[in-house]
Amino acid sequence: MSAMEDKITSLLAEGKVFQPPEEGSAQAWVKSMEEYKQAYAHSMEDPEGFWAKRAEELVTWDKKWDKVLEYDLSIPEVKWFVGGKLNLSVNCLDRHLTDGRRNKAAIIWQGEPEEDVRVYTYQMLHDEVCRFANVLKKKGVKKGDRVAIYLPMVPELAISLLACARLGAVHSVVFGGFSAVALQSRIEDCHAKVLITADAVLRGGKAIPLKPNADEALETCPSVETCIVVRRAGNEIEMKEGRDCWWHREIHAKDISSYCEPESMDAEDMLFILYTSGSTGKPKGVVHTTGGYLTYAMHTAQWVFDLKDNDVYWCTADLGWITGHSYILYGPLGLGATALMFEGVPNYPGPDRFWRIVEKFKVNIFYTAPTAIRALMREGVEPTQRWDLSSLRILGSVGEPINPEAWMWYFINIGKEKLPIVDTWWQTETGGIMISALPYVTPLKPGSATLPLPGIDAAIYNEEGKEASPNEGGHLVIRKPWPGMLRGVFGNPERYKKAYFNRYPDTYDPEDGARRDEDGYFWIMGRLDDVINVSGHRLGTAEIESALVAHEAVAEAAAVGMPHPVKGQAIFAYVTLMSWAEESEELRNELRQHVRKEIGPIATPDVIQWAPGLPKTRSGKIMRRILRKIAANDFADFGDTSTLADPTVVEQLVDTKKQMG
Ligand code: 6R9
């Protein structure tokens with residue numbers, strides 16, 4: 001055991017609680033546990049008063065709301081700040097032109113090549129956003145139209161979102177790592193009128209073409225009239241006449257002005273759709289609206305990251321995920337902060353890339369994912385020592401439960417045993433952080449997301465819908481509406497109700513398992529539905545299975561998660577072949593490539609095991625519990641198997657797995 005592992009083990013064994021640093025608490029937005037408790041109590045007694053005050057303090061409204069909240073979770077229907085009017089690009093840009101921040105850096109962009117840096121002041125960003133909004137307008141985009149965005153982490157990505165918000169168009173970002181097929185199904189679902197993409201993505205020192213994926217997707221997307229292409233790598237691409245145009249040409253056209261009148265939006269007008277995986281069927285288009293979402297993103301960014309005007313704040317997420325939407329863009333820019341945006345990956349050109357960037361821009365607040373921490377942990381401590389990390393004051397984590405070893409490593413080597421770590425639990429659907437420590441306030445326990453934020457009525461329910469006793473595991477639930485919550489699943493109200501409000505009456509069900517300890521701290525255990533969390537990315541087993549079954553040689557497939565030291569979970573797929581097909585290494589590779597093409601590289605199965613049959617109940621339901629155990633080499637106890645239609649199937653699968661190792 002190394003000295004570092006030794007230290008981590010012994011600190012953890014003490015079951016230590018780490019007190020927040022006192023230094024800095026006097027200036028913090030929330031200064032003491034007392035203040036937190038008061039705010040929490042107020043928010044539970046008078047939620048409307050609490051949120052109205054925050055919405056007033058944080059957001060610039062064109063017209064104030066008539067009613068703070070109207071809701072009925074049994075439908076479900078939720079409306080915040082009813083009758084209020086505002087524009088998000090005005091809140092993120094225009095108002096900072098007159099509040100003393102005009103020449104302040106809004107976005108510092110670090111490209112994948114070290115020397116590729118661009119800085120946008122609030123004025124510059126405002127002008128670019130206006131120009132691009134005018135381009136979209138010229139292409140016929142109007143309020144309510146959907147715009148699909150499929151871009152690498154370039155500044156044009158942030159500009160695109162804000163330009164849509166300026167016009168009242170609905171953006172739907174599709175992560176640049178998704179395949180043509182995944183892009184196609186999302187565009188089709190939301191009927192996007194315009195697609196914004198790039199020639200290529202720079203990743204790990206290579207240019208990976210992106211436009212061919214867009215071309216393939218658009219072959220069967222009749223709704224898309226225009227495709228705007230950002231030039232990133234300069235690789236040769238095809239431009240389809242009448243449909244495709246270059247970003248840089250359009251934005252610099254003579255008739256494009258650097259001012260665009262913002263559309264005054266209703267608080268409940270749709271702001272964006274973001275697709276995420278659920279337990280069944282295709283991905284869900286999670287809908288967020290305008291006034292509540294902005295209030296919530298800003299409120300949480302301010303209290304959880306203690307954002308101040310002098311801070312350089314860095315969230316390493318991609319804008320293709322909700323974390324990027326709320327905590328690179330809307331939250332920080334709403335607050336007039338300086339956000340760093342990074343195009344590259346943690347380990348290229350070396351495992352010290354993150355730390356080098358921290359020193360280079362004197363980053364104060366750093367927010368990343370456990371999978372990145374675990375990957376960097378493997379490289380040892382030395383890369384963290386090459387750079388000066390003394391500018392840091394707050395560390396954050398998001399995306400999956402952070403295991404205590406990774407927490408300790410982060411705390412010791414990056415936090416130098418004094419910085420607070422905010423482990424933030426939330427979801428695409430919640431719009432913003434729900435359960436998290438406040439940095440100068442909450443005593444920390446490695447591996448626990450700690451306590452719900454003010455305004456969030458979180459609890460643990462057992463199967464009967466009663467509140468679980470301390471340390472009893474159960475379903476995490478949220479009992480009161482909050483401004484950032486999703487307002488629907490695009491085009492599918494039934495699915496909205498069924499997926500989130502069906503288990504317990506009038507209660508939001510995030511489908512996560514958790515327990516609360518004797519101090520009321522939440523310990524999140526992970527998904528209860530058929531969702532696999534690979535490196536913090538949500539993948540539905542149903543999506544992977546339907547991709548596999550789409551291959552002509554596959555009769556049936558079942559995908560489960562298996563523990564993985566870096567990714568958290570890896571994908572293990574059981575495949576039953578058609579009778580004519582033969583098991584072979586080539587076919588195994590072909591199937592992996594096939595899933596990669598259907599969904600994207602993150603969904604590639606790590607292991608494929610041939611299965612002559614799958615363990616099913618007599619009603620035909622696959623018993624995933626057993627498949628998960630076999631995948632993890634845990635053959636000791638399969639629990640109740642009495643409902644299995646054919647128990648010999650399990651023996652066969654165990655034998656094969658034992659041979660595979
Ligand atoms: C923001 C984001 C949501 C799912 C969620 C949960 C897991 C996220 C977590 C966490 C434990 C944390 N999750 N943060 N689990 N501790 N701090 O990740 O959104 O992509 O929708 O994923 O991720 O299982 O239900 P999303």
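**Exercises on a predicted model**

The structure, a predicted model, holds 47 salt bridges. The exercises below examine some of these pairs, an annotated site and one helix.

**Exercise 1.** Determine which parts of the chain are tied together by the salt bridge between Lys139 and Glu250, and state whether each residue is buried or exposed to some degree.

*Solution.*
Step 1. The side chains of Lys139 and Glu250 meet with a nitrogen-to-oxygen distance of 3.5 Å.
Step 2. Lys139 lies in the loop between helix 5 (122-138) and strand 6 (146-150), while Glu250 lies in helix 9 (residues 247-251), so the salt bridge ties together parts that are 111 residues apart in sequence.
Step 3. A residue counts as buried under 20% relative accessible area. Lys139 has 24% and is therefore partly exposed; Glu250 has 14% and is therefore buried.

**Exercise 2.** Classify the partners of the salt bridges Asp306 to Lys308 and Arg386 to Glu382 by their accessibility.

*Solution.*
Step 1. In the pair of Asp306 and Lys308, the closest N and O atoms are 3.1 Å apart. Asp306 is buried, at 2% relative accessible area, whereas Lys308 is partly exposed at 24%.
Step 2. In the pair of Arg386 and Glu382, the closest N and O atoms are 2.8 Å apart. Arg386 is partly exposed, with a relative accessible area of 40%, and Glu382 is partly exposed at 43%.
Step 3. Salt bridges may also share partners: Asp99, Arg101, Lys104 and Asp309 are joined in this way into one network.

**Exercise 3.** For Val549 and Val554, which belong to an annotated binding site, establish the location, the accessibility and the contacts of each residue.

*Solution.*
Step 1. The unreviewed UniProt entry gives the annotation "binding site" to Val549, His551 and Val554.
Step 2. Val549 lies in helix 17 (residues 541-549), and Val554 in strand 28 (residues 554-564).
Step 3. Val549 is partly exposed, at 37% relative accessibility; Val554 is buried, at 1%.
Step 4. Neighbours within four places in sequence are left aside. Val549 is then in contact with Val554, Ala555, Glu556 and Ala557. The contacts of Val554 include Val549, Leu548 and Val575.

**Exercise 4.** Explain why helix 15 is described as largely enclosed by the rest of the structure.

*Solution.*
Step 1. Helix 15 spans residues 404-414, and nine of its 11 residues are buried, so the rest of the structure largely encloses this helix.
Step 2. Among the buried residues are Trp407, Trp409, Tyr410 and Phe411.
Step 3. After helix 15 comes Lys416, whose phi is positive, near 50 degrees.

Terms used:
Residues are numbered from 1 along each chain as its sequence is written. This is a predicted model: local features need pLDDT of at least 70, side-chain atom pairs count only at pLDDT 80 or more; totals for chains, interfaces and linings use all residues. Side-chain values use heavy atoms; hydrogens and water are left out. UniProt positions are given in the numbering used here, feature names are shortened, and annotations may be inferred rather than shown by experiment. Helices (H or I, at least four residues) and strands (E, at least two) are DSSP runs, numbered from the N terminus. Buried means under 20% relative accessible area, exposed over 50%, partly exposed in between (1.4 Å probe, protein chains only). Contact means heavy atoms within 4.5 Å. A salt bridge is a side-chain nitrogen of Lys or Arg within 4 Å of a carboxyl oxygen of Asp or Glu.
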